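User: I would like to learn how to read salt bridges, buried residues and nonpolar cores in a model. Could you walk me through an example?

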Amino acid sequence: GTEEQPGRVATLVEDPKGSVYGLGFEISQEEAATTFNYLNDRETGYNLKEVTFHPCDPAFPKQKVLVFIASTENSDYLGSAPLEEMAECIATSVGQSGPNYEYLFNLAHMMRLLFPMCYDSHLFELEEDKQWYQRRVRVY
């Protein structure tokens, strides 16, 4: 999205009872400074927090990782909204990384591919609602 018409992204918010599926990446010492500078610039307004990562494969040990957590004080934080409103935003927002709906479709595809045991009802309902919205207004 843009400042005038922000898009939507999957955002981690702090929830002591919550969990999230994702990938962990190890960064070499040589690339750490460059990587963190890039991420700190991209994730402006998010808080960096250390959490415990539990690999799906029990052959790998738990480990501490860093994640960016959203803060409601962040001026870019859009918060919750009705599904249809979110779908309309995603269907019509375009930013420097491309159309917001591509982000949604890619995220849903990767969740199905990498984590088939995890059914994210919000994500998949949003994907379906967004597809309906696109057909209705013919936004492609």
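Analyst: Gladly! Keep in mind that this is a predicted model. Let us begin with K49, which counts as partly exposed at 31% relative accessibility.

User: Which residue forms a salt bridge with K49?

Analyst: That partner is E14, and the closest N and O atoms of the pair are 2.3 Å apart. When reading a salt bridge, look at where each partner sits. E14 lies in the segment before α1 (29-42) and K49 in strand β1 (residues 47-53), so the pair ties together parts that are 35 residues apart in sequence. E14 itself is exposed, with a relative accessible area of 53%.

User: How many salt bridges does the structure hold?

Analyst: There are three. Another one joins R42 and E43, with 2.7 Å between the closest N and O atoms. Here E43 counts as buried, at 15% relative accessibility, since the cut-off for buried is under 20%.

User: And what do the side chains of R112 and E127 do?

Analyst: They meet in a salt bridge, at 2.7 Å from N to O. R112 belongs to helix α3 (residues 100-114) and E127 to helix α4 (residues 121-137), so this pair ties together parts that are 15 residues apart in sequence. The two ends have their own surroundings: R112 is partly exposed, at 41% relative accessible area, while E127 is buried, at 8%.

User: Now the nonpolar core, please. What is the general idea?

Analyst: In soluble globular proteins, nonpolar side chains tend to be buried together. In this model, the largest nonpolar core has 13 residues, and those touching the most other members are I90, L104, M111, L123, F124 and L126. Two or more residues come from each of α2, α3 and α4, and α3 gives the most, with four.

User: Which residues is I90 in contact with, leaving aside its neighbours within four places in sequence?

Analyst: I90 is in contact with R8, N100, Y101, L104, L126 and K130. Two of the core residues named above, L104 and L126, are on that list.

User: Let us finish with a polar residue. Is S93 buried or exposed?

Analyst: S93 is buried, with a relative accessible area of 1%. For a buried polar side chain, a good habit is to look for its polar partner. The side chain of S93 reaches the backbone oxygen of C89 at 2.8 Å. S93 lies in the loop between α2 (83-92) and β3 (94-95). Beyond its neighbours within four places in sequence, S93 is in contact with G1, Q5, P6, G7, P99 and N100.

Key
Residues are numbered from 1 along each chain as its sequence is written. This is a predicted model: local features need pLDDT of at least 70, side-chain atom pairs count only at pLDDT 80 or more; totals for chains, interfaces and linings use all residues. Side-chain values use heavy atoms; hydrogens and water are left out. Buried means under 20% relative accessible area, exposed over 50%, partly exposed in between (1.4 Å probe, protein chains only). A polar contact is a pair of N or O atoms within 3.5 Å; within protein, one must be able to donate a hydrogen and the other to accept it, and residues adjacent in sequence count only if both atoms are side-chain atoms. Contact means heavy atoms within 4.5 Å. A salt bridge is a side-chain nitrogen of Lys or Arg within 4 Å of a carboxyl oxygen of Asp or Glu. A nonpolar core is a set of buried Ala, Val, Leu, Ile, Met, Phe, Trp, Tyr and Cys residues joined through side-chain atoms within 4.5 Å.
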